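Biologist: Please take me through the ligand site, starting from the residue marked in the record. Then work outward from there.

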Amino acid sequence: MTLKTTFAHYEFSNPLMNASGVHCMTTQELDELLQSQAGAVITKSSTLEKRAGNPEPRYVDLSLGSINSMGLPNLGFDYYLEYVLEKQKDTSIKGPLFFSVAGMSAKENIELLQKLQESAFDGITELNLSCPNVPGKPQLAYDFEATEALLKEVFSFFKKPLGIKLPPYFDLVHFDTMAEILNQFPLTYVNSVNSVGNALFIDPDTEAVVIKPKDGFGGLGGQYIKPTALANVRAFYTRLKPEIKIIGTGGIVTGQDAFEHLLCGASLLQIGTALHQEGPAIFERITRELEEIMAQKGYQSIDAFRGKLKSL
Ligand code: RRO
């Protein structure tokens, strides 16, 4: 049996990786992921200049997930570019690295991607169109016209493999509209979903919110959001042209969660909240649990069941 996954023109030993933002801010954390059983690794979304992000507390683990309003803290584009350029020379590293960018404006996104295009980076780029936590900056991918205009400009010059990170959608018309837009472009993948934006978690004992930024409003992740994540993976898998692969993110804690995302059509799987709670050893556990489920069901490869969710 094998967990090998082909994705665009690449092959990975297994489909599991970190979600951008979790355990990938520093070179030390990235090194720890590269040394783990993760099949691939992605950097924290970066901006041109480094950012301190929002005031703390800005991330809290909850019994069924997490809430965060980090506010895009990162060490700056050059820090991560230097890291991936160094690592891509290392032949012991399996597969390409993923590089996430999240400009604070369309202009900054274009500049970030121009720099990546001109660089020697030979991995896969993820354009984050769905950060919910920068005060005053709406999630770009909820603005369909702006998303279409940005992608038109991006693909006029960007020739390397590119995926986009989307927020969750909750209406079938929105899936239809967004898929129609995305199908016009040579995207490598769509990553669904980012955190469910602007949730509010409160502590009834203190009668207060639990994170400081934005009066407690923040992105919800973890088990709370798995059904929404699966719906988004399935909706895009059934609407996008087959060349556009899906990365499934949201609520993966066990091998069974991974199996469900794959059944809905995901090719790679990203882990955020559970990686934050358990650390990089999680990749070994979830790959083992996924293998056990596949063995019980008699599946020799992920391709034997990927996308094959049955209707009633
Ligand atoms: O840094 C953040 O606040 C953050 C980002 Br950029 C994102 O894309 N998703 C999220 O939940 N938090």
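**The marked cysteine and its surroundings**

Modeller: In this predicted model, cysteine 131 touches Lys137, Gln139 and Asn194, leaving out residues up to four places away in sequence. UniProt, in an unreviewed entry, places the feature "active site" at Cys131. Cysteine 131 sits in the loop between β7 (124-128) and α4 (144-155). Its relative accessibility is 18%, so cysteine 131 counts as buried. The cut-off for buried is under 20%.

Next, its sulfur. A disulfide needs two cysteine sulfur atoms within 2.5 Å. By this rule the count is zero disulfides. Cysteine 131 is in none, and the nearest cysteine sulfur, that of cysteine 24, is 13 Å away.

Now the ligand. Cys131 is one of the residues that surround the ligand. On the same list are Asn128, Pro132 and Asn133. Lys44 and Asn68 are there too, along with the run Met70, Gly71, Leu72 and Pro73. Asn194 and Ser195 complete the list.

Three asparagines bring polar side-chain atoms to the ligand. In asparagine 68, an N or O atom of the side chain is 2.9 Å from a ligand oxygen atom. Asparagine 133 has a polar side-chain atom 2.9 Å from an oxygen atom of the ligand. For asparagine 194 the partner is a ligand nitrogen atom, and the distance is 2.8 Å. Taken alone, the ligand exposes 310 Å², and the protein buries 92% of that. Asparagine 194 also ties back to the start, as it is in contact with cysteine 131.

Move on to serine 69. It belongs to the loop between β5 (65-68) and α2 (77-87). Serine 69 has 0% relative accessibility, so it counts as buried. Beyond its neighbours up to four places away, serine 69 touches Asn54, Arg58, Asn133 and Ile211. Pro213, Lys214, Phe217 and Gly218 are also in contact with serine 69. Note Asn133 in that set, since Asn133 is also among the residues around the ligand.

Lysine 50 gives a contrast. Its place is in the loop between α1 (27-35) and β4 (59-62). Lysine 50 is exposed, with a relative accessible area of 62%. Setting aside neighbours within four places in sequence, lysine 50 contacts Asn74, Leu75 and Gly76. From lysine 50 to glycine 65 is 15 residues in sequence but 28 Å in space, C-alpha to C-alpha.

Further along the chain, look at glycine 279. This residue lies in the loop between α8 (273-278) and α9 (282-297). Glycine 279 is buried at 14% relative accessibility. Glycine 279 and histidine 23 are 256 residues apart in sequence, yet 8.0 Å apart in space, C-alpha to C-alpha.

Last, helix α7 (residues 255-264). Eight of its ten residues are buried, so the rest of the structure largely encloses this helix. The buried ones are Gly255, Asp257, Ala258, Phe259, His261, Leu262, Leu263 and Cys264. For Cys264, the relative accessible area is 7%. Cover for the buried residues of α7 includes α6 (226-237), β14 (245-249), β15 (268-271) and α9. After α7 comes glycine 265, with a positive phi near 120 degrees.

Technical notes:
Residues are numbered from 1 along each chain as its sequence is written. This is a predicted model: local features need pLDDT of at least 70, side-chain atom pairs count only at pLDDT 80 or more; totals for chains, interfaces and linings use all residues. Side-chain values use heavy atoms; hydrogens and water are left out. UniProt positions are given in the numbering used here, feature names are shortened, and annotations may be inferred rather than shown by experiment. Helices (H or I, at least four residues) and strands (E, at least two) are DSSP runs, numbered from the N terminus. Buried means under 20% relative accessible area, exposed over 50%, partly exposed in between (1.4 Å probe, protein chains only). Contact means heavy atoms within 4.5 Å. A residue is near a molecule or strand if one of its heavy atoms lies within 4 Å of it. A polar contact is a pair of N or O atoms within 3.5 Å; within protein, one must be able to donate a hydrogen and the other to accept it, and residues adjacent in sequence count only if both atoms are side-chain atoms. Accessible areas come from the Shrake-Rupley method with a 1.4 Å probe; for residues, only the protein chains shown count as cover.
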